[in-house]
Amino acid sequence: MSLHSTSGRFWLARPFHERATQIFLGVLLAALVIVTVLHVALPRGHALHVNAYTVNLFGKYLSYALLAVAVDLVWGYLGILSLGHGAFFAIGGYAMGMYLMRQIGERGTYGHPVLPDFMVFLNWESLPWYWHGFDMAWFAFAMVLLAPGLLALVFGFLAFRSRVTGVYLSIITQALTFALMLAFFRNEMGFGGNNGLTDFREILGFNLRSSDTRLGLFIASGVALALGYILCRAIVTSKLGRVCVATRDAEARTRFIGYRVERFQLFVFVVSAMLAGVAGALYVPQVGIINPSEFSPLFSIEIVLWVALGGRATLYGAVIGAILVNYAKTVFTGVMPDAWLFALGGLFVLVTVLLPRGVAGLLPGFTRRADHQPKEASA
Amino acid sequence: MRRFLFWALLCLLAGFLPSAAAQTAAPGSDPGAALLETLDVDSYRDKGEAITAIVQSDDERAREWLQALLDGRLQRADDGRFVVVLDNAGRNWPVEDALTGEALGEMSRRELDRIGINNALRNQLRSAIAVVDLISPDVERRRSSADRLLGEVDEALAETLVPVIEEAEDDYVRRRLGQALAIYQAENGEMAGVEALSGSLHPRARVALNRAASGDDPVVADAARAALASVEQNLKLNRGVETLYFGLSLGSVLVLAAIGLAITFGVMGVINMAHGELMMLGAYTTWMMQQLLPGQPGLALVLSIPAGFLVAALVGIAIERGVIQFLKGRPLETLLATFGISLILQQLVRTVISPLNRTVITPEWMSGSLVINDALSLTLNRLYVMGFALFVFAALMLVMRRTRLGLEVRAVTQNRAMARAMGIRATRVDILTFALGSGVAGLAGVALSQLTNVGPNLGQNYIIDSFMVVVFGGVGNLWGTLVAGLSLGVINQVLEPWAGAVLAKIIVLVFIILFIQKRPRGLFPQKGRAAEG
């Protein structure tokens with residue numbers, strides 16, 4: 001996938017000519033088809049039948065995988081270790097949650113035609129201004145992209161302009177998500193405070209509790225992951241992507257060559273935030289709740305672990321990592337909840353010390369190439 | 001039936017008993033007996049006069065009697081003796097003779113009759129006891145009694161107070177009594193009282209002034225309003241001082257938490273995300289020391305200062321040798337790995353000790369507060385923590401400036417390669433620096449154990465804040481950390497009253513993000529080539 005072989009084609013079509021992307025998309029498609037068939041065609045009780053719960057679980061993993069891809073885009077190719085991507089994920093989720101809340105309508109506990117239950121509970125008279133429009137699906141879905149994008153734009157503009165990099169940027173992003181978590185915990189914010197948004201009924205007219213809707217959401221998550229993956233691949237294989245990699249490896253030099261580094265950083269950062277927002281929007285209807293805990297710094301840093309475990313700067317590694325870690329989490333928290341934090345903490349140490357290239361580095365055919373191997377800027 | 005007869009007889013007697021008692025009080029017999037006799041009458045008004053008589057009698061048992069009367073423990077036995085009930089639980093009560101103080105063993109409650117009082121008498125008794133206390137030889141008793149009199153002065157007491165104030169030897173007592181009298185006067189619309197209360201901070205004084213301000217006399221009312229304004233002014237000032245105090249206290253905690261981080265980050269360019277957990281270990285060390293030395297929380301606390309340092313420093317060395325040395329030159333990976341360590345340490349404490357908070361006892365000499373005036377008192381534990389923070393800061397400053405290690409650390413911070421070329425063993429410096437920074441985290445934990453709950457999550461709350469302090473102050477500059485920590489603490493406390501705790505925190509975070517726009521390298525940036533990170 002050198003620059004020569006891919007240049008000349010339409011930028012969005014370029015990823016389809018890569019081996020890695022072809023394999024990835026093939027595997028993803030196969031997984032989607034197999035799960036769907038096993039769920040629909042086989043009768044309940046059959047040994048290979050995939051029940052609705054598992055479909056839902058896989059759908060959740062896929063939205064996490066998209067989130068991991070978004071993080072890998074900025075960390076792997078831009079060298080920005082964002083410890084605050086959970087914030088973009090959660091904001092996308094809240095936008096979706098607000099839409100789902102408005103869909104409840106009069107079926108809430110208090111039966112108010114407009115106000116969600118928690119507002120009635122707090123004795124609010126009318127809908128806050130920022131809740132208007134969320135009864136319309138197109139508006140809410142636009143907000144899923146725009147709200148995290150706007151936050152990333154403002155934050156990134158301020159951060160990159162003043163050349164905040166390295167660990168500074170990491171901690172500032174962590175502070176960002178921490179501040180948002182505190183803010184969303186407040187009832188006065190109008191996002192349901194501690195309890196968040198929940199008790200959803202239907203999305204686009206489909207009952208959220210039916211297994212068909214769950215299957216649909218699972219497929220939607222898979223498609224979104226595929227599209228997000230293709231978009232990211234297209235970006236990193238474009239000329240813009242090459243500049244990003246150059247920035248990652250030698251920011252000062254790239255700047256001196258004449259590139260406005262901060263603009264590239266800003267663009268990719270915003271795209272990544274939007275992808276995270278989409279992931280959040282797909283996640284919320286599948287788990288049925290969104291609350292401020294998604295903003296917690298621990299969650300954001302966990303995402304980074306998925307990417308690190310899977311293998312940085314590969315994108316498919318991020319997907320592998322997200323699914324592996326979350327599967328392990330599901331198993332561990334079910335069997336021995338106390339051990340999960342030990343396992344997670346141990347993974348952080350082991351992966352960084354022993355597996356710097358992640359699981360992807362162990363895959364056959366993985367060769368050490370310039371654009372695969374991020375070089376850490378020296379301290 | 002017998003009881004009724006007894007009562008009837010008593011009532012009959014009551015009318016002329018005082019005179020009878022006066023007659024029987026032959027010289028040499030106890031005058032106290034007569035005084036007590038006057039109490040056992042039906043009319044509450046007469047009882048009130050009897051109480052006044054007791055106060056004026058200068059009898060040294062007066063206080064005990066009055067207190068017992070107030071508590072309903074002054075009773076008359078069937079045989080006519082006055083007794084003080086020591087403990088009125090159960091059926092049989094241990095009693096002593098009110099006059100001689102001689103223990104009389106137990107008496108059945110049936111043999112005893114309580115001398116009843118009503119609410120008016122209760123109030124009178126309280127001030128009467130206060131007045132008796134005012135002439136007590138014990139200074140502490142005189143003072144607390146003067147405190148109690150604020151707002152409790154009535155007409156009769158006001159007259160008694162005037163000579164007491166003049167004679168009072170203790171300055172504090174005289175001031176307090178003057179205040180008490182002034183409150184009484186102000187409530188009755190007297191100019192003298194209003195003037196005396198101007199600027200006074202006691203809540204009762206404000207009540208009295210408010211009443212005076214709505215009084216009939218316009219001159220007095222105006223004066224009262226002016227006095228109230230000066231009270232408000234004074235209160236505002238005191239609140240300001242209090243906010244500053246809390247801010248500096250929070251700030252010194254931040255300094256303690258951040259300063260270790262500043263050292264390791266400055267020298268090694270490494271963010272130790274487990275820093276907060278090292279603080280937690282320091283706090284748990286304090287708890288363990290107190291478990292080892294039961295009954296001596298103070299000694300345990302003093303001993304846990306070196307112990308906390310050692311424990312955290314050793315764990316720090318283990319982290320450095322076990323993980324960080326393999327991640328040289330990869331600061332982001334180091335951040336992730338140390339975060340993993342922080343998770344493990346947290347869970348370790350949860351599993352081994354308990355997920356619940358542990359209580360660390362505050363030794364006596366650290367509890368309580370320093371009372372500056374009626375509106376302002378400074379809690380001692382915070383004062384100690386502030387002093388401790390300054391002490392740690394000064395000690396670190398000395399280490400950095402005056403020791404060989406400090407010199408080497410500064411050299412490595414400024415230019416690692418050059419320092420190595422000059423023969424400094426950078427690896428050794430790394431280990432020692434990390435141990436030092438971790439040890440200081442342990443010290444911070446020891447201090448924190450006196451302010452907050454000690455639990456597995458103790459450290460988590462501080463890592464972001466401490467890093468903010470380091471960023472704000474400028475990396476590799478201890479003075480920067482001190483100034484940044486203290487000012488962030490104060491800013492937080494100033495914002496809190498009108499923005500709420502959560503919003504204040506958010507505002508501070510946003511402020512720092514914006515601050516970095518202007519000064520990316522903090523308040524006190526490193527200059528010259530060392531700044532090229």
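User: Before anything else, how far apart do the C-alpha centres of domain 1 of chain B and domain 2 of chain B lie?

Analyst: The two C-alpha centres lie 63 Å apart. Please bear in mind that this is a predicted model.

User: Into which residue ranges is chain B divided?

Analyst: Domain 1 of chain B covers 2-123, and domain 2 covers 237-462.

User: How should the overall form of chain B be read, as a compact globule or as something more spread out?

Analyst: The approach is to set the radius of gyration against the globule rule for the chain length. Chain B holds 22 helices and seven strands. Its radius of gyration is 34 Å, whereas the globule rule gives 24 Å for 533 residues; chain B is therefore more spread out than a compact globule. Along the principal axes, the C-alpha trace of chain B spans about 110 × 60 × 40 Å.

User: What share of the residues of chain B count as buried, and what share of its contacts joins residues 24 or more positions apart?

Analyst: Of the 533 residues in chain B, 43% count as buried. Among contacts in chain B with a separation of 6 or more, 65% are between residues 24 or more positions apart.

User: What confidence values accompany the model and chain B?

Analyst: The model as a whole scores ipTM 0.86 and pTM 0.77. For chain B the mean pLDDT is 82, with 93% of the residues reaching 70 or more. Over residues 8-27 of chain B, however, the pLDDT is below 50, and this stretch has eleven contacts in the model beyond near neighbours in sequence.

User: What is the strand order in the open sheet of chain B, and is the pairing parallel or antiparallel?

Analyst: The five strands run in the order S4-S3-S2-S1-S5, with antiparallel pairing. Strand S4 (103-108) and strand S5 (112-114) of chain B each have a single partner strand, so they stand at the edges and one side of each lacks a neighbour in the sheet. From one strand to the next, the twist averages 45°.

User: How many bridges join strand S2 and strand S3 of chain B?

Analyst: Strand S2 (residues 82-85) and strand S3 (residues 92-97) of chain B pair over three bridges, in the antiparallel sense. One position can be followed in detail: B:Val83 stands opposite B:Asp97 in S3(B).

User: How is a positive phi to be read, and which phi does A:Asn123 have?

Analyst: The general expectation is that most residues other than glycine have a negative phi. A:Asn123 has a positive phi of about 65°, although it is not a glycine. The residue is found in the loop between helix H5 (117-121) and helix H6 (137-161) of chain A. Because only 12 or fewer neighbours are required for the exposed class, A:Asn123 is exposed, with 6 other C-beta atoms within 10 Å.

User: Where does A:Leu204 lie, and is it buried or exposed?

Analyst: A:Leu204 lies in the loop between strand S2 (202-203) and strand S3 (206-207) of chain A. Its phi is positive, about 50°, although it is not a glycine. A:Leu204 has 11 C-beta neighbours inside 10 Å and therefore counts as exposed.

User: How many residues does each chain bring to the contact, and which element of chain A gives the most?

Analyst: The contact takes 37 residues from chain A and 35 residues from chain B. On the side of chain A that touches chain B, the elements giving two or more residues are helix H7 (166-185), helix H12 (297-310) and helix H14 (339-354) of chain A. H7(A) gives the most to that side, with 13 residues.

Conventions: Residues are numbered from 1 along each chain as its sequence is written. Chains are lettered from A and ligands numbered from 1 in the order in which they are written. This is a predicted model: local features need pLDDT of at least 70, side-chain atom pairs count only at pLDDT 80 or more; totals for chains, interfaces and linings use all residues. Helices (H or I, at least four residues) and strands (E, at least two) are DSSP runs, numbered from the N terminus. A residue is buried if 20 or more other C-beta atoms lie within 10 Å of its own, exposed if 12 or fewer, and partly exposed in between; C-beta atoms are placed from the backbone. pLDDT is the predictor's confidence in each residue, from 0 to 100. Two residues are in contact if their C-beta atoms, placed from the backbone, lie within 7 Å. Two strands pair if DSSP finds at least two bridges between them. Axes are lines fitted to C-alpha atoms, for helices over the stretch in contact, and angles run from 0 to 180 degrees between N-to-C directions. Domain bounds come from an automatic or database domain assignment. The radius of gyration is taken over C-alpha atoms; the globule rule is 2.2 Å times the number of residues to the power 0.38.
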